[in-house]
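Hi,

Here is the structure I said I'd pass on. Have a look at the model first, and my notes follow underneath.

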Amino acid sequence: MRLLFLGDIVGRPGRNAVIERLPGLRDRWQLDCVVINGENSAGGFGITEAICDEILAAGADAITLGNHSWDQRETLVFIERQPRLIRPANYPPGTPGRGANLIDTRSGARVLVVQAMGRLYMDALDDPFAAVDRELETCPMGQVADAVIVDFHAEATSEKEAMGHYLDGRASLVVGTHTHVPTADHRVLAGGTAYMSDAGMCGDYDSVLGMQKEEAIRRFIQKTPGTRLEPGLNEGTLSGIAVETDDRTGLAVRVAALRLGPNLEETWPRFWD
């Protein structure tokens, strides 16, 4: 199987990059499943139903969220009727939506998409390791799911690496999101799980984490209230990770970083060309 995961969409530049490029990439690489983190897609804060539908129509099979899940209050309602929108699994019981779902892809494969949120330097939530365990026990790879993608939305690299090694051999891909900067540690772990500490973002990289530089810099210098942070205005870059799995086991056999657009050195899975 050919899997593609794209990091956090930040505002209109990120949305435009996905909408313009993803349909061609699906055809070019014959992708089986595409998962995108969309928690910053609505002006940098949360996601709306219209934007969710737009991203799915562009070719995403599932959209994951994170600590900005509820910034747009309408998400609390429409997430219940949108099974392909996945929020962190370690939110408290009774939280709207779902933390995992078995996605029937266009190619006929079944991919379990799971998200959990870290606890280091983040909101106090339930144990993310136990939450992911529960989802994998319910829908194990190789028995129910053809592949498993885990989005670990976390700040600390140590917590992300620990999750990667903890799930090694039980997931096709464990990928970090949230910090908006792509890391250079993409690899296949000893047990066959593809791993990357952070997929980066889909957005304007001539910015501060996707937001316009001026207000972000001013906040660090002056430490006083100011205007609302707004997404950058320049062309967006796609950033993420591409994974090829073994059809029999669901484990990763090849992995590559993806960066397409300005400001970062471009790279893509040349083994698919």
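Ile 86 in strand 5 is the bridge partner of Thr 64. Strands here are DSSP E runs of at least two residues and helices are H or I runs of at least four, both numbered from the N terminus. Strand 4 (residues 62–64) pairs with strand 5 in the parallel sense, over two bridges; pairing takes at least two DSSP bridges between the strands.

A word on the source: this is a predicted model, with pLDDT of at least 70 needed for local features and 80 or more for side-chain atom pairs, while totals for chains, interfaces and linings use all residues. Numbering runs from 1 along each chain as its sequence is written, and side-chain values use heavy atoms, leaving out hydrogens and water.

Those two strands belong to an open sheet of six, mixed in its pairing, in the order 5-4-3-1-13-14. Strand 5 (85–86) and strand 14 (252–260) each have a single partner strand, so they stand at the edges with one side lacking a neighbour in the sheet. Helix 1 (residues 11–29) packs on the sheet, touching strand 1 (2–6), strand 3 (33–37), strand 13 (238–245) and strand 14. Contact means heavy atoms within 4.5 Å.

On the cysteines: there are zero disulfides, taking a disulfide as two cysteine sulfur atoms within 2.5 Å. For Cys 52 the nearest cysteine sulfur is that of Cys 33, 15 Å away. Cys 52 is buried at 1% relative accessibility, where buried means under 20% relative accessible area (1.4 Å probe, protein chains only), exposed over 50% and partly exposed in between.

Cheers

Note on methods: Axes fitted to C-alpha atoms, helices over the stretch in contact; angles between N-to-C directions.
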